[in-house]
Every structure is written in structure tokens, then in C-alpha cells.
Amino acid sequence: MIIIKGEVIHGAQLGRKMGFPTANLDACELNDIENGVYRSTVIIDGATYRAMSNIGLRPSVDGRCRLLETHLFDFHGDIYGRVIEVRLLDKIRDEKRFGSIDELRRQLEHDADVCRNL
């Protein structure tokens, strides 16, 4: 298990537009963690939420800075500026570039199913 704590920052909100809003943490200094998609959990104010996370450069959307993006299952709330703890549990796939946003969205739906069923 890899534990990352950080303050939630604003992103481009592309995940939200695809139905997968994310809590974003700056990961530019996290060089010892492999890029990819992970089954994860998030702790906010002592409560634990199941989640899926991506750490990397986000090649499908021309990302330039390494970012940890985490979609929390069954969570609705504003956590911008709050410190959260993300626990990366299992890597489910490598980060890759998709040909379209629709292809990326379909992959996120599949990834979410994998994370929920592990």
C-alpha cells in the first residue's frame, strides 16, 4: 500500500464532465510511484471512501505536470483546499493514451467496475 497525503487542488474538470469527478493532488515530486490506474481508498475527516486513482501525466488530455486524480465512489461534496489521504492499494493497469474522450470515458467505466469488484 502506498499512502499519499495532500491538499486537493483544482484541475481542468474534464473528469467531472465525463461523470467521474476527481480530487486532484499535485504529484510532481512523487517520483517513486509508477504511473497508472489504482484501486484506492481515501480518508477524509476520519471517514474512508472506496475510490479509483490515476497517477501520471494524463497523456490523453496533454497533461504537462504529474497529477494524482482520484474518483471517490459514493461521495458528493466539495473538498477543494482540504487535506486528504489517498491509499493506493492495487495497480489495475498502466497509464495510456486514448484516441478520443469517448474511448477514455469507456475505459474509466471499465476501471470503475474493476475497482468496485476487487
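A residue counts as buried under 20% relative accessible area, as exposed over 50%, and as partly exposed in between, so Arg87, with a relative accessible area of 26%, is partly exposed. Keep that scale in mind while moving through this model, which is predicted.

**The whole chain**

Begin with the protein chain coloured by secondary structure, where two helices and six strands can be picked out. Followed from the N terminus, the elements run β-α-β-β-β-β-β-α. The chain has 118 residues, of which buried residues make up 41%, and its accessible surface comes to about 6700 Å², with 46% of that belonging to carbon and sulfur atoms. Among the contacts with a separation of 6 or more, 66% are accounted for by residues 24 or more positions apart.

**Strand E3 and its partners**

Select strand E3, residues 36-44, which is mostly covered, since seven of its nine residues are buried. On one pairing, E3 meets E4 in the antiparallel sense over nine bridges, and here Val42 stands opposite Tyr49 of E4. The two strands form a hairpin with two residues between them, and in that turn Asp45 has a positive phi of about 50 degrees. E3 also pairs with E6, again in the antiparallel sense, over seven bridges; to find one of these positions, display Val37 together with its bridge partner in E6, Arg93.

**The nonpolar cores**

Next, show the side chains of Leu68 and Ile84, which touch the most other members of the largest nonpolar core, a group of 18 residues. Five strands, namely E2, E3, E4, E5 and E6, each supply at least two residues of this core. Centring the view on Ile84 and setting aside its neighbours within four places in sequence, one finds contacts that include Ile4, Val8, Leu25, Val42, Ile44 and Ile79. A second, separate core has eight residues, among them Met52, Phe73, Phe98 and Leu108.

**Thr70 and Pro21**

Now select Thr70, whose place is in strand E5, residues 67-72. With a relative accessible area of 0%, Thr70 is buried, and its side chain is joined to that of Ser53 by a polar contact of 2.8 Å. Beyond its neighbours within four places in sequence, Thr70 is in contact with residues including Pro21, Ala23, Ser40, Val42, Met52 and Val86. From here, step to Pro21, found in the loop between helix H1 (14-17) and strand E2 (23-26), where its relative accessibility of 32% makes it partly exposed. A distance drawn from Pro21 to Glu69 gives 9.0 Å, C-alpha to C-alpha, although the two are 48 residues apart in sequence.

**The salt bridges**

Side chains of opposite charge can pair when their charged atoms come close. The salt bridges of this model number nine, and three of the pairs are worth a stop.

Return to the turn of the E3–E4 hairpin and select Asp45 with Arg82, whose side chains meet in a salt bridge of 2.2 Å, N to O. Asp45 lies in the loop between E3 and E4 and Arg82 in the loop between E5 and E6, so this pair ties together parts that are 37 residues apart in sequence. How accessible is Asp45, and how accessible is Arg82? Asp45 is exposed, with a relative accessible area of 68%, whereas Arg82 is partly exposed at 31%.

Then select Glu85 and Arg87, where the side chains meet in a salt bridge of 2.6 Å, N to O. Glu85, at 12% relative accessibility, counts as buried, while Arg87, as the opening noted, is partly exposed at 26%. Add Lys5 to the selection, because Lys5, Glu85 and Arg87 are linked in a network of salt bridges; Lys5 also appears among the contacts of Ile84 in the core.

Finish at Arg93, the bridge partner of Val37 seen earlier, and add Asp111, with which Arg93 forms a salt bridge whose closest N and O atoms are 2.8 Å apart. This pair links distant parts of the chain, with Arg93 in strand E6 and Asp111 in helix H2 (residues 101-117), 18 residues apart. Are these two partners buried or exposed? Both Arg93 and Asp111 are buried.

Notes: Residues are numbered from 1 along each chain as its sequence is written. This is a predicted model: local features need pLDDT of at least 70, side-chain atom pairs count only at pLDDT 80 or more; totals for chains, interfaces and linings use all residues. Side-chain values use heavy atoms; hydrogens and water are left out. Helices (H or I, at least four residues) and strands (E, at least two) are DSSP runs, numbered from the N terminus. Buried means under 20% relative accessible area, exposed over 50%, partly exposed in between (1.4 Å probe, protein chains only). A polar contact is a pair of N or O atoms within 3.5 Å; within protein, one must be able to donate a hydrogen and the other to accept it, and residues adjacent in sequence count only if both atoms are side-chain atoms. Contact means heavy atoms within 4.5 Å. A nonpolar core is a set of buried Ala, Val, Leu, Ile, Met, Phe, Trp, Tyr and Cys residues joined through side-chain atoms within 4.5 Å. Accessible areas come from the Shrake-Rupley method with a 1.4 Å probe; for residues, only the protein chains shown count as cover. Two strands pair if DSSP finds at least two bridges between them. A salt bridge is a side-chain nitrogen of Lys or Arg within 4 Å of a carboxyl oxygen of Asp or Glu.
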